[in-house]
Amino acid sequence: TFHTPNSFEYQLNGNVSFVKKLPPVFRKHEGQMVKLEFEITPSNNLKSINWFKNEMLIRNSPDTRLISNFGMHSLIIPEVFNEDSGLYKAVILTTNG
């Protein structure tokens, strides 16, 4: 079973509010898809979002898809395995800081 204890942490710089947050723990079976997502407003002053797993930067790849669309930001793992367990974090940087 894929498990992310206290799975998601937000770090904010600047003046942004969250519309949708993730539940603190995900449990999925191997081979299932995992989608971590959140929505922030306003999205017009967003400078960058970086996703991390266990403090390591996650890059867009066939194994981890990063999607941003109109304030909704997602990390998708199409097929999850035990080695994907860990602490996932999104660091958000806005034009305000």
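This report describes the fold, the nonpolar core, the salt bridges, the largest pocket and some individual residues of a predicted model.

**Overall fold**

The secondary structure of the chain comes to 10 strands and 0 helices, so that the order of elements from the N terminus is β-β-β-β-β-β-β-β-β-β. Of the 97 residues in the chain, 34% are buried. Among the contacts in the chain that have a separation of 6 or more, 66% are between residues 24 or more positions apart.

**The nonpolar core**

The largest nonpolar core holds 13 residues, and those with the most contacts inside it are Leu36, Phe38, Ile49, Trp51, Leu75 and Tyr88. At least two residues of this core are supplied by each of strand 5 (34-41), strand 6, strand 9 (72-77) and strand 10, and the largest share, 4 residues, comes from strand 5. The surroundings of one core member, Leu75, can be given by name: leaving aside residues up to four places away in sequence, Leu75 touches Val34, Lys35, Leu36, Trp51, Ile58, Thr64, Arg65, Leu66 and Tyr88. Two of these partners, Leu36 and Trp51, are also among the core residues with the most contacts, while another, Lys35, takes part in a salt bridge with Glu37.

**Salt bridges**

The count of salt bridges comes to 2, and the table lists them with the distance between nitrogen and oxygen.

| Lys residue | Glu residue | N to O distance |
|---|---|---|
| Lys35 | Glu37 | 3.6 Å |
| Lys89 | Glu55 | 2.9 Å |

Which parts of the chain does the pair of Lys89 and Glu55 link? Lys89 belongs to strand 10 (residues 88-94), whereas Glu55 sits in the loop between strand 6 (46-53) and strand 7 (56-57), and the pair, 34 residues apart, thus links distant parts of the chain.

Are the two partners of this bridge, Lys89 and Glu55, buried or exposed? Lys89 is buried because its relative accessible area, 7%, falls under the 20% limit, whereas Glu55 counts as exposed because its value of 51% is over 50%. In the bridge between Lys35 and Glu37, Lys35 has a relative accessibility of 37% and therefore counts as partly exposed, while Glu37, at 15%, counts as buried.

**The loop between strand 6 and strand 7**

Glu55 also has a backbone feature to note, for its phi is positive, at about 70°, although Glu55 is not a glycine. Asn54, which lies in the loop between strand 6 and strand 7, likewise has a positive phi, near 50°, in a residue other than glycine. With a relative accessible area of 43%, Asn54 is partly exposed, and Glu55, which lies in the loop between strand 6 and strand 7, is exposed.

**The largest pocket**

The largest pocket has a volume of about 240 Å³. Its lining is made up of 15 residues, of which Asp63, Thr64, Ile77, Asp84 and Tyr88 are the closest to the pocket centre. What is the make-up of this lining by class? The lining has 8 nonpolar, 5 charged and 2 polar residues. Tyr88 connects the pocket with the core described above, as Tyr88 is one of the residues closest to the pocket centre and is also among those with the most contacts inside the largest nonpolar core. Both Thr64 and Tyr88 are touched by Leu75.

**Glu30 and Asn69**

Asp84, a member of the pocket lining, lies 9.5 Å from Glu30, C-alpha to C-alpha, although 54 residues separate Glu30 and Asp84 in sequence. Glu30 is found in the loop between strand 4 (26-28) and strand 5, and counts as partly exposed because its relative accessibility is 43%. When residues up to four places away in sequence are not counted, Glu30 touches Val80, Phe81 and Asn82.

Asn69, by contrast with Glu30, is found in a strand, namely strand 8 (residues 65-69). Its relative accessible area of 46% makes Asn69 partly exposed. Asn69 and Glu39 are 30 residues apart in sequence, and the distance between their C-alpha atoms is 9.4 Å.

Technical notes. Residues numbered from 1 in each chain as written. Predicted model: local features only at pLDDT ≥ 70, side-chain atom pairs only at ≥ 80, totals over all residues. Heavy atoms only, no water. 1 Å grid on protein atoms, 1.4 Å probe; cavity = no way out; pocket = protein on both sides within 12 Å on 5 of 7 lines; lining within 4 Å. Points joined across faces, edges and corners; volume = space filled by probe spheres on them. Nonpolar A, V, L, I, M, F, W, Y, C, P; charged D, E, K, R; others polar. Salt bridge = Lys/Arg side-chain N within 4 Å of Asp/Glu carboxyl O. Buried < 20%, exposed > 50% of the residue type's maximum accessible area, 1.4 Å probe, protein only. Core = buried A, V, L, I, M, F, W, Y, C linked by side-chain atoms within 4.5 Å. Contact = heavy atoms within 4.5 Å.
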